[in-house]
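Work through the two exercises below with the model open. Each task is followed by a stepwise solution.

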Amino acid sequence: MQENELINELKQHVNTPLEEARQGEALALEQVVEAQNGRHFYIESYGCQMNFNDSEIVASILQKEGYGLSKDYESADIILLNTCSIRDKAEQRVRNRLKVINQVKKKRPDALVGILGCMAERLKTKLLEEEQVVDIVIGPDAYRDLPNLITEAGGGQKAVNVLLSREETYGDINPIRLDSNGVTAFVSIMRGCDNMCSFCVVPFTRGRERSRNTFSILAEVQNLIDRNYKEVTLLGQNVDSYKWTNPETNEVVNFAQLLEMVAQLSPELRVRFSTSHPKDITNEVLHTIAKYENICNYIHLPVQAGGSRILKKMNRTYDREWYLERVQAIRKIIPDCAISSDIIAGFCSETEADHQETLSLMEIVQYDMSYMFIYSERPKTLAARRYEDDVPEATKKRRLQEIIALQTQHALMRNKAHVGKVYKVLVEKESKRSSDDLCGRNDQNKMVIFPRGNHQPGDYVNVLIESCTSASLKGKVVD
Ligand code: 5AD
Ligand code: SF4
């Protein structure tokens, strides 16, 4: 079958699940106002965008069961924390939060406390021993079972489900958008990760990689378009390995094809995606981005480290040369594409020379933005089992500071290159600094701040950039 025929065939399927999704949502929204069973849950999320989106899936599951959504943990019947294990600090934050929640539980012993997500999966029943306040422990693939666990815990027993699944994608569940600006939304397209980077806990907490049914993704996006959302971010630990086989036709849909289908749903919809893996991002994906104006020219392409020796030890399965070749391909195929990265300072055995390689790679790529971290050993990972966490804390910190300083320079330089140019900006919300200003992002994912005028969130405006910092652009609307 030709690609276009495949797209048409897939589009025909969109209507069926979409109608179901709309009904599901109408029901759920009524329940937000008033819980059918008189009980309310509160949910708080930590970690990656995927986790925030999972909380929206959990909200949908609970609302279908009649639970209402509460914005106040002090009065909620069920207090849920959707947790992250990526670094030790992320877990400490949750443990500190549990101390505060313990005060609530002392006043209201009937309130139930649930730990969801990666920490639940990593620590399992150990969490119940370590944190007496916890009643429910539920892993990322078990959320459909949450209503049962709530009932069980309500009966006075501790309730646990940390089973991982090879199939679960929650494809049929239309997420309830929490804390939404009504303009931008996340859509998960796959779950889990098969990559086994030696530093990373994710394969242990989120299980095997699986891709979601293409029809259900298109249906969810169409539903967002119908409700006037203007931007979707397709989410996965490794979006470039998206691969879904239609069981009826055996046709395979890859990430480039999925991107194209999503982009074709509406030219008014902006499409973003995260995260790309340097070993998997194909020229087909790059050409698809270049072909569609509404697929944003921004790629998050985490390098982790700049030198091939450390990359090998990290089990990233690419080397410095491969990464730089991919960056060159991006620059050639999408000339105005912004690129961002994740960088880890002080991985096991990292020498000063290895660190210099990271800095020199940054000098070559000149990232628009980076998330930068100190290496934190995670139990069970290959690095924890095989390598010594031998870079002294002070050295890790100093290297991180050097990385941050260089990144700040590059971000400022990249932002300065935008000054004097006009960009189409999707208005998201009021600026944090001043209620006279609005803010939104340009194609390259840069935050742009400008005077409000008569504009509203959801509008597209053309903004002439007049000044910048390393973090944002400032300008005025022009027509
Ligand atoms: N220590 C520090 N940073 C880590 N990351 C993942 N695992 C660790 C760890 N053990 C970072 C990586 C990844 C990002 C989501 O978090 O850079 O891309
Ligand atoms: Fe944290 Fe990774 Fe789990 Fe996301 S997948 S919540 S980043 S550990």
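**Exercise 1.** Classify Asn 294 as buried or exposed, then describe its surroundings.

*Solution.*
Step 1. Asn 294 has a relative accessible area of 9%, so it is buried (under 20%; exposed is over 50%, partly exposed in between; 1.4 Å probe, protein chains only).
Step 2. This is a predicted model: local features need pLDDT of at least 70, side-chain atom pairs count only at pLDDT 80 or more, and totals for chains, interfaces and linings use all residues. Residues are numbered from 1 along each chain as written, ligands from 1 in the order written, and side-chain values use heavy atoms, without hydrogens and water.
Step 3. Asn 294 sits in the loop between helix H10 (283–291) and strand S14 (298–300). Helices (H or I, at least four residues) and strands (E, at least two) are DSSP runs, numbered from the N terminus.
Step 4. A polar atom of the Asn 294 side chain lies 2.9 Å from the backbone oxygen of Leu 269.
Step 5. Beyond four places in sequence, Asn 294 touches Ala 263, Ser 266, Pro 267, Leu 269, Arg 270 and Val 271 (heavy atoms within 4.5 Å).

**Exercise 2.** Find the polar partners of ligand 1 among Arg 87, Phe 199 and Gln 304.

*Solution.*
Step 1. The Arg 87 side chain places an N or O atom 3.1 Å from a ligand 1 oxygen.
Step 2. A polar backbone atom of Phe 199 is 3.0 Å from a ligand 1 nitrogen.
Step 3. For the Gln 304 side chain, an N or O atom is 2.6 Å from an oxygen of ligand 1.

Terms used
A polar contact is a pair of N or O atoms within 3.5 Å; within protein, one must be able to donate a hydrogen and the other to accept it, and residues adjacent in sequence count only if both atoms are side-chain atoms.
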